[in-house]
4 protein chains.
Amino acid sequence: MERSSESKLRVRYAETDQMGVVYYSNYLVWMEIGRTDFCLMTGFRYSAMEAEDGVMIAVAEANCRYRRPARYDDEIVVQTSLTTLKRRTMTFSYEIRNIASGEVLADGFTTHVSIGRDGRPCTLPPKQFGFLSEFVT
Amino acid sequence: MERSSESKLRVRYAETDQMGVVYYSNYLVWMEIGRTDFCLMTGFRYSAMEAEDGVMIAVAEANCRYRRPARYDDEIVVQTSLTTLKRRTMTFSYEIRNIASGEVLADGFTTHVSIGRDGRPCTLPPKQFGFLSEFVT
Amino acid sequence: MERSSESKLRVRYAETDQMGVVYYSNYLVWMEIGRTDFCLMTGFRYSAMEAEDGVMIAVAEANCRYRRPARYDDEIVVQTSLTTLKRRTMTFSYEIRNIASGEVLADGFTTHVSIGRDGRPCTLPPKQFGFLSEFVT
Amino acid sequence: MERSSESKLRVRYAETDQMGVVYYSNYLVWMEIGRTDFCLMTGFRYSAMEAEDGVMIAVAEANCRYRRPARYDDEIVVQTSLTTLKRRTMTFSYEIRNIASGEVLADGFTTHVSIGRDGRPCTLPPKQFGFLSEFVT
């Protein structure tokens with residue numbers, strides 16, 4: 001069974017900066033796209049959990065190592081895996097590659113805490129926890 | 001009495017694109033900064049109206065004419081005025097200038113509709129309408 | 001022959017604001033994605049023209065009318081057509097729809113001027129002009 | 001002598017997301033504002049180095065720990081210090097606080113490599129290295 005997800009995207013002009021490469025904060029946007037697709041793969045949509053259970057997932061830490069630049073119009077793939085899953089926290093890992101060259105452009109991780117409508121940490125809904133637990137690497 | 005507001009900002013690296021100038025959608029972000037400051041000048045904070053009255057102001061139309069490029073680290077001023085005010089709609093006009101050269105970089109307008117918590121158009125709260133009505137150009 | 005292009009995208013979390021809908025400047029980013037795909041359809045890639053001919057296309061005006069909000073995770077289609085083409089200028093028109101509901105979320109246009117490496121207006125390279133001229137609506 | 005810089009900013013509406021707080025990638029944009037101001041404080045402007053020496057500073061790694069959310073209209077201060085300086089690399093550290101409450105919202109670091117016009121790592125221009133070396137914490 002495949003335990004990581006792949007998200008493809010094409011670099012937008014808006015994502016470049018005057019150095020001619022993708023501005024560094026945009027990699028975190030791409031990681032979020034990776035997380036969304038990863039969660040979809042496991043069986044739930046993040047947007048539904050936020051609307052139905054009132055549980056949101058806040059970012060506690062983000063880390064990215066930049067290895068090679070991404071450029072306008074490049075085809076990119078974000079490979080996402082779930083490396084840690086606890087009742088209230090989880091860690092996703094990412095590898096961002098240029099599809100044409102196969103080169104790794106960046107890698108990193110994000111850790112998250114589930115929080116309720118009151119803004120305080122809470123345990124993940126059991127159903128959602130179950131979905132994710134099948135896919136821990 | 002001064003009827004327009006001035007908002008100063010410095011161009012961020014993140015706002016440039018690979019053409020070496022500010023990416024065109026960012027001017028709309030600057031217009032929103034102009035609107036925020038304009039409203040502050042008239043006596044209310046938009047964030048308070050959204051929180052207390054449950055009234056939000058949605059954008060109905062935005063227009064921008066780009067005359068000269070803005071570049072990284074440029075000091076910019078957004079001059080904002082309120083050119084139309086009705087019970088449910090209003091139009092702001094903007095002139096965006098380079099402070100050092102005095103040149104106009106862009107101008108434009110945005111029109112807005114006030115909407116309630118149900119997402120439907122509603123009249124502006126009388127207090128807020130009063131604040132703004134003093135400053136129509 | 002199809003004279004308009006269609007670009008599909010899914011709304012990113014990063015594109016929402018605290019009103020729970022897509023922030024208004026992001027529609028201009030989507031229009032740029034529409035332009036890119038439109039140009040691809042006609043036979044050239046904008047990135048190649050910028051690199052090989054040294055000709056860039058600057059935005060002279062942008063306009064967007066917002067009709068209904070777009071929300072996180074919505075599937076969106078940007079339909080782009082070329083409504084005016086002159087030697088130095090062109091106008092693209094856009095219709096942005098929610099794919100699931102078919103509703104029009106926004107429409108608008110952008111006008112553009114071709115500029116050379118010196119930053120001054122220039123005529124479009126004949127090859128590129130030819131590509132585009134086949135697709136004027 | 002003050003060895004860290006402070007950059008003040010007000011949270012933009014565009015920076016919020018539908019969770020009602022600042023979207024996580026924007027903290028990296030704020031860190032870049034902190035770096036810009038830090039460098040200004042030491043005696044050079046990054047934009048000048050890029051234009052005159054052809055030396056750019058690429059990001060090699062970014063890390064951010066998110067402690068409390070930032071919200072629309074909050075007044076924020078980014079405190080930036082230079083914690084490591086070598087011939088080709090440097091590390092900046094950041095603390096991002098809410099001015100009104102004094103609370104730390106986030107902290108993190110970025111590491112950088114100086115690169116020349118050919119895109120390869122190079123040593124920092126001696127003048128710039130000198131400016132910075134006075135301010136290492």
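In this predicted model, the contact between chain A and chain C draws on 18 residues from chain A and 18 residues from chain C. The size of an interface is often given as the accessible area lost when the parts come together. For chain A and chain C, that buried area is about 1600 Å², and 42% of it lies on carbon and sulfur atoms.

Charged pairs form part of this contact. Side chains of opposite charge can pair when their charged atoms come close. Between chain A and chain C, 4 salt bridges are found. One of the salt bridges in the model joins Arg12(A) to Glu15(C), with 2.8 Å between the closest N and O atoms. A salt bridge also links Glu15(A) with Arg12(C), again described by an N to O distance of 2.8 Å. This pair crosses between chains: Glu15(A) sits in the loop between strand S1 (5-10) and H1 of chain A, while Arg12(C) sits in the loop between strand S1 (5-10) and helix H1 (26-42) of chain C. Over all chains, the count of salt bridges comes to 36.

Polar contacts add to the description of the same interface, where 10 residue pairs across chain A and chain C are in polar contact, both residues being at pLDDT 80 or more. On the side of chain A that touches chain C, the elements giving two or more residues are helix H1 (26-42) and helix H2 (46-52) of chain A. H1(A) supplies the largest share of that side, 7 residues. By residue class, the side of chain A that touches chain C comprises 8 nonpolar, 2 polar and 8 charged residues.

The text now turns to chain D. Here 23 residues of chain A are in contact with 23 residues of chain D. Chain A and chain D bury about 1900 Å² between them, with carbon and sulfur atoms giving 55% of the area. The number of salt bridges between chain A and chain D is 0, whereas 14 residue pairs across this interface are in polar contact, both residues being at pLDDT 80 or more. The elements that contribute two or more residues to the side of chain A that touches chain D are H1, H2 and strand S2 (56-66) of chain A. Of these, S2(A) gives the most, with 10 residues. The side of chain A that touches chain D divides into 14 nonpolar, 4 polar and 5 charged residues.

The strand S2(A) also pairs across the interface: S2(A) and strand S2 (residues 56-66) of chain D run in the antiparallel sense and are joined over 5 bridges. Within this pairing, Cys64(A) has Ala62(D) in S2(D) as its bridge partner.

The relation between the two chains can be considered next. Two copies of a chain are related by a rotation about an axis and a shift along it. A turn of 180° and a shift of 0.0 Å along the axis lay chain A on chain D with an RMSD of 0.0 Å. The two copies are therefore related as by a two-fold rotation axis. Among the residues of chain A, Asn63(A) comes closest to the rotation axis, with its C-alpha at 2.2 Å. Because 100% of the interface residues of chain A are also interface residues in chain D, the copies meet through the same surface.

Note on methods
Residues are numbered from 1 along each chain as its sequence is written. Chains are lettered from A and ligands numbered from 1 in the order in which they are written. This is a predicted model: local features need pLDDT of at least 70, side-chain atom pairs count only at pLDDT 80 or more; totals for chains, interfaces and linings use all residues. Side-chain values use heavy atoms; hydrogens and water are left out. Contact means heavy atoms within 4.5 Å. Buried area is the accessible area (1.4 Å probe) that two parts lose on being put together, summed over both. A salt bridge is a side-chain nitrogen of Lys or Arg within 4 Å of a carboxyl oxygen of Asp or Glu. A polar contact is a pair of N or O atoms within 3.5 Å; within protein, one must be able to donate a hydrogen and the other to accept it, and residues adjacent in sequence count only if both atoms are side-chain atoms. Helices (H or I, at least four residues) and strands (E, at least two) are DSSP runs, numbered from the N terminus. Ala, Val, Leu, Ile, Met, Phe, Trp, Tyr, Cys and Pro count as nonpolar, Asp, Glu, Lys and Arg as charged, and the others, Gly among them, as polar. Two strands pair if DSSP finds at least two bridges between them. Copies are superposed by least squares on the C-alpha atoms of residues with pLDDT of at least 70 in both.
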